[in-house]
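Biologist: Could you take me through one part of this model in detail? I would like a close look at how one helix packs against its neighbours, and at the pocket beside it.

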Amino acid sequence: MSDIQEHEDTPLHLLVVLARAYNAVMTHSNRSINSHGLNSTEFGVLDVLYHKGPQPLQKIGEKVLISSGNITYVVDKLQKKNLLVRRASAEDRRVIYAELTAEGQEFFEAIFPQHQELMVKVLSGLSEDERVQAAALLRKLGISAEKML
């Protein structure tokens, strides 16, 4: 293979390697999350509320990368499980906040450490310095790709 062809194939090779790594890591993550009766979006919503406190539904959707229609569906499911409640904003009744219930708080506190420990283990194929470097490079790649949209 010529040097020119190798150089041209590098972006495609990177894409394949990135996709395979993502799939492998997410398989572990999803198995962990699913074992607690949640999907990854539900877990993401609980994570945002646990770490950031009550949030407007729109902000939650932005943080977990889902549409406003989907956030309503996910919040409905979590509310039926008594893990969160909706509250109208005191300043603007058009804005609806979600917040964890006491049961939701206890539930997430019980499952998060185990999930976090698993993710540390799954990502241990890289040293701490390599993880920092990988995060910075992937962020740079993401920003660049978004600018092209």
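Modeller: Happy to. Along the sequence of this predicted model, the order of elements in the protein chain is α-α-β-α-α-β-β-α-α, which amounts to 6 helices and 3 strands. The C-alpha trace spans about 65 × 35 × 25 Å along its principal axes. The radius of gyration of the protein chain is 19 Å, whereas a compact globule of 149 residues would have one near 15 Å.

Now to helix 2, which covers residues 40-52. Let's begin with its packing on helix 4, residues 68-80. The two axes lie 10 Å apart and cross at an angle of about 80 degrees; helix 2 and helix 4 are therefore roughly perpendicular to each other. On the helix 2 side, the residues that meet helix 4 are Thr-41, Glu-42, Val-45 and Leu-46. Their partners in helix 4 are Ile-71, Val-74, Lys-77 and Leu-78. By class, this contact holds 5 nonpolar, 1 polar and 2 charged residues.

Next comes helix 5, residues 102-122. Helix 2 packs on helix 5 at an angle of about 105 degrees, and their axes are 11 Å apart. That angle makes helix 2 roughly perpendicular to helix 5. Helix 2 brings Phe-43, Leu-46, Asp-47, Tyr-50 and His-51 to this contact. From helix 5 come Gln-105, Phe-107, Phe-108, Glu-109, Ile-111, Phe-112 and His-115. The residues here divide into 7 nonpolar, 3 polar and 2 charged. Leu-46 is worth a second look: this residue of helix 2 takes part in the contact with helix 4 and also in the contact with helix 5.

That leaves the pocket. The largest pocket holds about 1300 Å³ of space, and 35 residues line it. Helix 2 is among the elements that give two or more residues to this lining, together with helix 1 (3-34), helix 5 and helix 6 (128-147). Helix 1 supplies the largest share, with 10 residues. Nearest the centre of the pocket lie Tyr-22, Val-25, Met-26, Leu-123 and Leu-138. As for the character of the lining, 24 of its residues are nonpolar, 8 polar and 3 charged.

So, to put your helix back in its setting: helix 2 packs on helix 4 with axes 10 Å apart, packs on helix 5 with axes 11 Å apart, and gives residues to the lining of the largest pocket.

Notes. Residues numbered from 1 in each chain as written. Predicted model: local features only at pLDDT ≥ 70, side-chain atom pairs only at ≥ 80, totals over all residues. Heavy atoms only, no water. 1 Å grid on protein atoms, 1.4 Å probe; cavity = no way out; pocket = protein on both sides within 12 Å on 5 of 7 lines; lining within 4 Å. Points joined across faces, edges and corners; volume = space filled by probe spheres on them. Helix = DSSP H or I, 4+ residues; strand = E, 2+ residues; numbered from the N terminus. Nonpolar A, V, L, I, M, F, W, Y, C, P; charged D, E, K, R; others polar. Axes fitted to C-alpha atoms, helices over the stretch in contact; angles between N-to-C directions. Parallel < 35°, antiparallel > 145°, perpendicular 65-115°, else oblique. Contact = heavy atoms within 4.5 Å. Rg over C-alpha atoms; globule rule 2.2 N^0.38 Å.
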